[in-house]
Structures are given as C-alpha cells and as structure tokens.
Amino acid sequence: MNQVNQVRKNRIETATMVKVSVLSVIAYMLMYIDFPLGFIAPPFIKMDISDMPALIGGFAMGPVVGVGIELFKNILHILLKGTSTGGVGELSNFLIGSIFVFTAATIYKKHRTYKGAFFGLLAGIIAMTVLATVSNYFVVFPLYAKLMVPMETIIEMGSAVSPRITDLWTMMIYSIAPFNILKGLLVSAVTMLLYKRVSHILHK
C-alpha cells in the first residue's frame, strides 16, 4: 500500500510540474505581447497580461504554485531574452506579480466561489498597487536610475505624460498606481473569462 501511495504521489508531483512548466511558458510568451499606455505612463512601462497564467495556476493549484509560475516566467525571460534593465525590471515584475497572485489565490482557496474569486482579485489588485507604489519609490526606480537612466530623465518622461508629475512621488501617485490598477483590472477580467474554461484540465 505504501508503494502504491508513493507511486500515486510521484504521478501527482510530475503532473503538477508539467502544468507549472506549461503555464510558465505561456506567461513568458505573453510578456512579448505588451503595449504602452501613453496617457498614463512613460513608454518604458508597458502593459501585458502575463500574470494571467499564474493567476489561473494559483486558483487551480494553490497560491505557492502561482508564485512559482511568476518566478519561472521571469527566469525564462532573463535566460532566453536577456534583460535591458539590469534585472531590475524582472525583479519588479516578479515581486508585484507575486503579491497579486498570492493574495488573490489565497482568498480563492478559502472561498472557492465566483464571489471568492472576485474579492480575491480585488484584494490582489489593491495589494499589487500598494506594493508597486512602495517598491518602485524606495527600490526599483532608484536602482534603475543608478544602473540605466538618470532620475531626472525618468521624471522628465513622466512630466511629458502628465504635468502633475514633478518628482518621484508624484510619478508614483499619478502614473505607477493608476497603471497597476488598470493592469490588475485587465488581467482579472481575462482570468475570470478563461478560468472556468481551462480549470477542468488543471484539476485532472
């Protein structure tokens, strides 16, 4: 009996690894489908829906799996495409995407209903926006300014989008926070549309 259980456990672990790998590759590929939102953010900040496979994986297999997909997605991006930001962009993508996925999937794990998914995604958007604002202000933008582009140039690019952007803090308030809210809403909408259509495959 113990041997049978071990074989069954190994099969489940292998199946989970395959699902995570597939979702990670899909997430990586979706990173190529990006576009700027010139009315709200400088052109180097682009919108994509690459968090969607991680959300679907997190809903189906748990929040830790969702975070794992976020990690593998960014590792694939660095290994296969390289980085144009000294790794800063990938680090930010991982941290912000992970808090979004982990928060949403944790709530959905406790309340596996449409309402649970809705409020999980809403809480994820709020958590993502808060972390994006704080991490970009204290870590990501200062680090990016040291490695890549002077802070003055970054602020100038923000001012070209909105005259209300005059320093790093106003960049966070009038650009980064609204951008992440819009991204969260877009990714959440796509996830809600697709999850029920593919969840039966992930639950097998």
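**Exercise 1.** In this predicted model, decide whether Trp169 is buried, partly exposed or exposed, and then do the same for Tyr137.

*Solution.* Begin with the cut-offs, since a residue counts as buried under 20% relative accessible area, as exposed over 50%, and as partly exposed in between. Trp169 has a relative accessible area of 43%, so this residue is partly exposed. The value for Tyr137 is 28%, and therefore Tyr137 is partly exposed as well.

**Exercise 2.** Find out how the rings of Tyr137 and Trp169 are arranged, and state which helices the pair links.

*Solution.* First take the distance: two rings pair if their centres lie within 6.5 Å, and by this rule the model holds nine aromatic pairs. For Tyr137 and Trp169 the centres are 5.4 Å apart, while the planes stand at 85°, so the pair is edge-to-face, given that angles over 60 degrees are classed in that way. Next, locate the two residues along the chain: Tyr137 belongs to helix α5 and Trp169 to helix α7, 32 residues apart, and the pair thus links distant parts of the chain. Ring pairs also join Phe44, Phe141 and Tyr144 into a cluster.

**Exercise 3.** Work out which residues of helix α6 are buried, and what they pack against.

*Solution.* In α6, which spans residues 151-161, the buried residues are Ile154, Ile155 and Gly158. They cover an arc of only 95° around the axis, which means that they lie on the same side of α6. As background, an α-helix has 3.6 residues a turn, so residues three or four places apart point the same way. On the other side of α6, Glu152, Glu156 and Ala160 are exposed. Finally, the buried residues of α6 pack against α5 (114-147) and α7 (168-202).

Definitions and conventions: Residues numbered from 1 in each chain as written. Predicted model: local features only at pLDDT ≥ 70, side-chain atom pairs only at ≥ 80, totals over all residues. Heavy atoms only, no water. Buried < 20%, exposed > 50% of the residue type's maximum accessible area, 1.4 Å probe, protein only. Helix = DSSP H or I, 4+ residues; strand = E, 2+ residues; numbered from the N terminus. Arc of directions from axis to C-beta. Contact = heavy atoms within 4.5 Å. Phe/Tyr/Trp six-rings, centres within 6.5 Å; stacked < 30°, edge-to-face > 60°.
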